[in-house]
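Got a minute to go through a structure together? I'd like to ask about side-chain contacts and then about a pocket.

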Amino acid sequence: MKLAMYETKKYKVDLKDNGAIICYVSWDSELFNVEVYNLSIEQYQNSFLLAELLTCVNEKAHELNVTLITTRVAQSDLVAVHALEDVGFRFIEANYHPFLNCSDILFLPDEIFSISLCTDCEVMSMSEEIGDMFKFGRYHQDERIPNNLADIRYKNWLVNATKIE
């Protein structure tokens with residue numbers, strides 16, 4: 001079954017008021033030629049129930065013939081980081097969320113510079129550089145994924161991120 005870029009198959013895993021969702025990642029599955037899913041841990045009450053929940057996620061992944069599961073967790077959620085490491089995750093990407101209150105700055109783009117959409121040619125030119133920019137990204141850290149495919153994955157990410165439909 002071939003899915004469009006952002007169509008997905010989602011599976012909810014529940015255990016004692018703890019929950020997670022695994023979603024099929026069609027673009028990575030097609031590129032890597034294996035079943036790739038993304039894990040989102042919705043809620044957990046403690047480390048013991050999280051461990052049980054991750055066991056249920058693993059069983060569902062096995063049922064779906066999943067080869068690779070990716071996930072992101074907050075850098076402050078050490079319970080989730082440790083639980084994921086305990087079940088075999090080797091590289092856990094922590095998300096930092098710096099913020100800037102826009103009311104604190106004066107920004108007049110028409111007086112300083114202009115903002116416009118990239119042309120297709122500019123996007124393709126930038127995508128040629130993008131693979132090298134992520135040499136330490138999660139897809140380069142996983143030895144099951146050849147580096148040349150990881151480079152293509154990041155290039156495709158940029159091209160797809162700039163498409164307006």
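What follows is a short round of questions and replies on this predicted model.

Me: How many aromatic pairs does the structure hold, and which one is tilted?
Reply: The structure holds two aromatic pairs. One of them has its ring centres 6.3 Å apart with 45° between the planes. Planes under 30 degrees apart would be stacked and over 60 edge-to-face, so 45° counts as tilted. The tilted pair is Tyr11 and Tyr37.

Me: How many residues apart are Tyr11 and Tyr37?
Reply: Tyr11 sits in strand E1, residues 10–15, while Tyr37 belongs to strand E3, residues 36–43. The pair therefore links distant parts of the chain. The separation is 26 residues.

Me: Tyr11 and Tyr37: which is buried and which partly exposed?
Reply: The cut-off for buried is under 20% relative accessible area. Tyr11 comes out at 24%, so it counts as partly exposed. Tyr37 has just 2%, and the buried one is therefore Tyr37.

Me: What kind of aromatic pair do Tyr24 and Tyr37 form?
Reply: Here the centres are 5.4 Å apart and the planes make an angle of 65°. Tyr24 lies in strand E2 (residues 18–24) and Tyr37 in strand E3, so this pair ties together parts 13 residues apart in sequence. Both Tyr24 and Tyr37 are buried. Since over 60 degrees is the cut-off, the pair is edge-to-face.

Me: Which residue has its charged end over the ring of Tyr24?
Reply: Tyr24 belongs to one aromatic cluster with Tyr11 and Tyr37. A charged side-chain end also sits over the Tyr24 ring, 4.4 Å from its centre. That end belongs to Lys9.

Me: On to charges: what is the N to O distance between Lys12 and Glu42?
Reply: A search of the whole structure finds five salt bridges, and Lys12 with Glu42 is one of them. Lys12 is in strand E1 and Glu42 in strand E3, 30 residues apart. At 48% relative accessibility Lys12 counts as partly exposed, and so does Glu42 at 45%. Their N to O distance is 2.3 Å.

Me: Which residues do shared salt-bridge partners join into one network?
Reply: Another salt bridge to keep in mind is Glu63 with Lys60, whose closest N and O atoms are 2.9 Å apart. Those two both lie in helix H2, three residues apart, about one turn of the helix. The network, though, is made of Lys12, Asp14 and Glu42.

Me: Which residue forms a salt bridge with Lys16?
Reply: Lys16 lies in the loop between E1 and E2 and its partner in helix H2 (residues 47–63), so the pair ties together parts 36 residues apart in sequence. Lys16 counts as exposed at 53% relative accessibility, whereas the partner is partly exposed at 35%. The closest N and O atoms are 3.3 Å apart, and the partner is Glu52.

Me: Which element gives the most to the lining of the second largest pocket?
Reply: About 560 Å³ of space lies in that pocket. Of the 24 lining residues, the closest to the centre are Leu68, Ile69, Gly88, Phe89 and Arg144. H2, strand E4 (68–74) and helix H6 (138–141) each supply at least two residues. The most, six residues, comes from H2.

Me: How many residues of that lining are charged?
Reply: The lining of the second largest pocket has twelve nonpolar residues and eight polar ones. The charged group numbers four.

Note on methods: Residues numbered from 1 in each chain as written. Predicted model: local features only at pLDDT ≥ 70, side-chain atom pairs only at ≥ 80, totals over all residues. Heavy atoms only, no water. Phe/Tyr/Trp six-rings, centres within 6.5 Å; stacked < 30°, edge-to-face > 60°. Helix = DSSP H or I, 4+ residues; strand = E, 2+ residues; numbered from the N terminus. Buried < 20%, exposed > 50% of the residue type's maximum accessible area, 1.4 Å probe, protein only. Lys NZ or Arg CZ within 6 Å of the ring centre and 35° of its normal. Salt bridge = Lys/Arg side-chain N within 4 Å of Asp/Glu carboxyl O. 1 Å grid on protein atoms, 1.4 Å probe; cavity = no way out; pocket = protein on both sides within 12 Å on 5 of 7 lines; lining within 4 Å. Points joined across faces, edges and corners; volume = space filled by probe spheres on them. Nonpolar A, V, L, I, M, F, W, Y, C, P; charged D, E, K, R; others polar.
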